[in-house]
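Dear colleague,

I am passing on the structure we spoke about, so that you can have the sequence and the coordinates side by side while you read. Please look it over before going through my notes below.

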Amino acid sequence: MALQPILDRRVVLVAGKGGVGRTTTTAAMARAAAASGKRVLVTEIEEPATQAQSSLARMFGREVLPTRPVLLAPGVHGCMLSTEMGTERFLADVFKIQTLARLALRNAALRRLLHAGPSFHEMGVFYHLLHLIREELPDGRPRFDFILVDMPATGHALALTGLPDILLRLVRRGPIAAALREGQGWLNDPHTGCAVVVTIPEPLPVTEALELVEGLQATHMAVCCMVANRVPVDPFDEEARAALADILPDGPLYGKEELARIERARTSLERLQKSAEARVIAVPEFEADGREAVDAMAAFFLGQEFPSTGGLP
Ligand SMILES: Nc1ncnc2c1ncn2[C@@H]1O[C@H](COP(=O)(O)OP(=O)(O)OP(=O)(O)O)[C@@H](O)[C@H]1O
Ligand SMILES: [Mg+2]
């Protein structure tokens with residue numbers, strides 16, 4: 001299966017610019033991973049401003065995701081990563097291991113963290129994720145052995161992956177530093193953590209995706225694969241294309257724009273394959289969207305047949 005190398009990781013961050021198909025890819029990878037026997041958890045990051053909207057939940061026929069994992073589909077649980085839940089977990093863990101917890105709250109480093117403003121949100125999310133990674137079944141196996149994070153669009157994603165490095169400069173000791181290092185251990189070890197960068201095969205988005213790869217690498221996240229999503233299926237072979245090239249410059253042709261798009265997709269995909277060190281999985285454009293696109297993409301990842309699409313009208 002195309003996803004095999006990714007399935008060996010514990011935590012996979014699905015990143016990319018807005019609208020390219022991150023959520024669809026996350027949901028489809030979850031379904032494919034569950035079909036291959038993984039205990040999957042899909043997560044998305046709470047947006048404090050726009051609560052109650054969850055496109056990830058909708059891909060599984062729900063309106064919202066709770067902060068505790070619920071079963072969404074066979075083998076797939078899902079939850080929202082929330083600042084509040086993370087902070088609560090953090091304090092609960094600290095209180096349990098330290099009777100001096102109250103003192104910790106007066107600790108200068110912790111105070112600095114709480115006052116650091118924006119990082120408070122990321123830290124809560126980060127700790128919530130760590131808590132879910134740590135969760136175990138009664139027999140000691142991880143409760144979830146494949147955790148996917150539907151990351152926010154580019155800038156916010158880097159704020160999260162860059163968090164440990166920056167905070168560890170401020171907070172070197174104590175429970176927060178320990179949590180950050182433990183989280184780094186999972187995310188930054190390419191055997192356990194990786195990022196998948198999703199893009200569409202168009203010139204500008206590909207440029208941005210390659211920049212995102214650099215950004216992620218700067219925060220020590222390995223990029224294990226790239227998904228070129230919505231690749232239009234080319235209905236022509238070399239010969240037909242050469243014949244069309246002769247006709248095209250001279251005037252109107254039904255589907256001319258679509259043909260140009262197919263061409264752009266082809267050159268963009270080639271550029272991505274050349275420039276990216278990571279493997280590129282080219283996912284076709286399906287004649288479906290929403291949950292049906294998830295079904296089609298999951299089937300594609302599992303190597304099943306999918307209806308071919310695209311082409312001239
Ligand atoms: N391969 C595909 N074929 C057809 N439609 C697709 C494909 N991938 C995604 N879509 C559709 O594109 C739209 C955007 O996809 P999605 O919501 O997954 O993107 P996103 O990157 O998560 O967007 P956002 O930035 O809003 O979170 C959806 O309507 C989805 O159904
Ligand atoms: Mg999305």
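What follows is a short account of the chain as a whole, one helix pair and one arginine.

Please keep in mind throughout that this is a predicted model. The protein chain contains 14 helices and 8 strands, and 40% of its 313 residues count as buried. Among the contacts in the chain with a separation of 6 or more, 74% are between residues 24 or more positions apart.

The helix pair is H2, covering residues 22–35, and H14, covering residues 291–301, whose axes lie 8 Å apart and make an angle of about 50°. An angle of that size falls outside the ranges for roughly parallel, antiparallel or perpendicular, and the two helices are therefore oblique to each other; their crossing is right-handed. On the H2 side the contact is made by Thr-24, Thr-25, Ala-27, Ala-28, Met-29, Arg-31 and Ala-32, which meet Ala-293, Val-294, Met-297, Ala-298 and Phe-301 of H14. Sorted by class, the residues of this contact are 9 nonpolar, 2 polar and 1 charged.

The arginine is Arg-230, which belongs to strand S7, residues 223–231. Is Arg-230 buried or exposed? Arg-230 has 22 other C-beta atoms within 10 Å, and because 20 or more is the cut-off, this residue counts as buried. Leaving aside residues up to four places away in sequence, Arg-230 touches Gly-21, Ile-200 and Glu-285. The C-alpha atom of Arg-230 is also separated by 7.1 Å from that of Phe-286, although the two residues are 56 apart along the chain.

With best wishes

Note on methods. Residues are numbered from 1 along each chain as its sequence is written. Chains are lettered from A and ligands numbered from 1 in the order in which they are written. This is a predicted model: local features need pLDDT of at least 70, side-chain atom pairs count only at pLDDT 80 or more; totals for chains, interfaces and linings use all residues. Helices (H or I, at least four residues) and strands (E, at least two) are DSSP runs, numbered from the N terminus. A residue is buried if 20 or more other C-beta atoms lie within 10 Å of its own, exposed if 12 or fewer, and partly exposed in between; C-beta atoms are placed from the backbone. Two residues are in contact if their C-beta atoms, placed from the backbone, lie within 7 Å. Axes are lines fitted to C-alpha atoms, for helices over the stretch in contact, and angles run from 0 to 180 degrees between N-to-C directions. Angles under 35 degrees count as roughly parallel, over 145 as roughly antiparallel, 65 to 115 as roughly perpendicular and the rest as oblique. A crossing is left-handed if the near helix is turned anticlockwise from the far one by less than a right angle, and right-handed if clockwise. Ala, Val, Leu, Ile, Met, Phe, Trp, Tyr, Cys and Pro count as nonpolar, Asp, Glu, Lys and Arg as charged, and the others, Gly among them, as polar.
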